[in-house]
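Work through the exercises below with the coordinates open, and try each task before reading its solution.

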Amino acid sequence: QVQLVESGGGLAQAGGSLRLSCAASGPTFNSNYAMGWFRRAPGKDREFVAAVSWNGGGTWYGDPVKGRFTISRDTSNNIVYLQMNTLKPEETAVYYCAASSKTGWGSPDLSVYYYWGQGTQVTVSS
């Protein structure tokens with residue numbers, strides 16, 4: 001059993017910043033899991049945002065967020081962060097944290113993520 005709890009969502013102005021956190025716990029969680037962030041905007045499909053390898057050494061980003069978002073992890077404390085800068089109104093969405101038991105490297109493919117958090121709402125005003 002794995003529990004992922006996101007926090008840090010809220011309201012930001014266009015051009016502003018937010019930092020999301022994801023705390024992982026549970027008897028079946030392994031620190032060698034890759035972690036990822038996805039988002040679902042109103043009326044849209046779930047979209048890959050970022051992923052980080054088990055040791056934090058490899059990172060991947062969806063094209064829309066490259067250069068503005070940064071994913072990182074505190075491996076010792078099982079926390080994953082998503083720093084979001086220069087936010088755009090179209091990035092209003094529910095943001096989800098996910099963990100993969102299939103790969104420790106990281107992937108934009110949602111099928112490799114077995115565990116998901118409840119999501120945190122991010123709203124960006126124009």
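## Exercise 1: aromatic pairs

A search of the whole structure, which is a predicted model, finds 8 aromatic pairs.

**Task.** Classify the geometry of the pair formed by Phe38 and Tyr113, and state which parts of the chain this pair ties together.

**Solution.** Begin with the geometry: the ring centres of Phe38 and Tyr113 are 5.3 Å apart and their planes meet at 75 degrees. Planes over 60 degrees apart count as edge-to-face, and that is the class of this pair. Next, place the two residues: Phe38 belongs to strand β4 (residues 34-40), while Tyr113 sits in the loop between β9 (93-100) and β10 (115-116), so the contact ties together parts that are 75 residues apart in sequence. Finally, check the surroundings, where both Phe38 and Tyr113 turn out to be buried.

**Task.** Repeat the analysis for the rings of Phe38 and Trp116.

**Solution.** Here the centres are 5.1 Å apart and the planes stand at 55 degrees, so the pair of Phe38 and Trp116 is tilted. Since Phe38 lies in strand β4 and Trp116 in strand β10, the pair ties together parts that are 78 residues apart in sequence. As for accessibility, Phe38 has a relative accessible area of 1% and is buried, whereas Trp116, with 27%, is partly exposed. A further partner of Trp116 is Arg46, which lies over the face of the ring at 4.2 Å from its centre.

## Exercise 2: the disulfide

**Task.** Determine the handedness of the disulfide of Cys22 and Cys97, and say where its two ends lie.

**Solution.** First establish the bond: the sulfur atoms of Cys22 and Cys97 are 2.0 Å apart, and the count for the model comes to 1 disulfide. The torsion about the S-S bond is about -80 degrees, so the disulfide is left-handed. Cys22 lies in strand β3 and Cys97 in strand β9, so the link ties together parts that are 75 residues apart in sequence. With a relative accessible area of 0%, Cys22 is buried, and Cys97, at 0% relative accessibility, also counts as buried.

## Exercise 3: a sheet of 4 strands

**Task.** Identify the edge strands of the open sheet with the order β1-β3-β8-β7.

**Solution.** Reading along this order, in which the pairing is antiparallel, the edge strands are β1 (3-7) and β7 (69-74), each of which pairs on one side only. The twist averages 15 degrees from one strand to the next. Looking at one pairing in detail, β1 and strand β3 (residues 18-25) run antiparallel over 5 bridges, and Val5 stands opposite Ala23 in β3.

Conventions
Residues are numbered from 1 along each chain as its sequence is written. This is a predicted model: local features need pLDDT of at least 70, side-chain atom pairs count only at pLDDT 80 or more; totals for chains, interfaces and linings use all residues. Side-chain values use heavy atoms; hydrogens and water are left out. Rings of Phe, Tyr and Trp (its six-membered ring) pair if their centres lie within 6.5 Å; planes under 30 degrees apart count as stacked, over 60 as edge-to-face and the rest as tilted. Buried means under 20% relative accessible area, exposed over 50%, partly exposed in between (1.4 Å probe, protein chains only). A charge sits over a ring if NZ of Lys or CZ of Arg is within 6 Å of the ring centre and within 35 degrees of the ring normal. Two strands pair if DSSP finds at least two bridges between them. Axes are lines fitted to C-alpha atoms, for helices over the stretch in contact, and angles run from 0 to 180 degrees between N-to-C directions. A disulfide is a pair of cysteine sulfur atoms within 2.5 Å.
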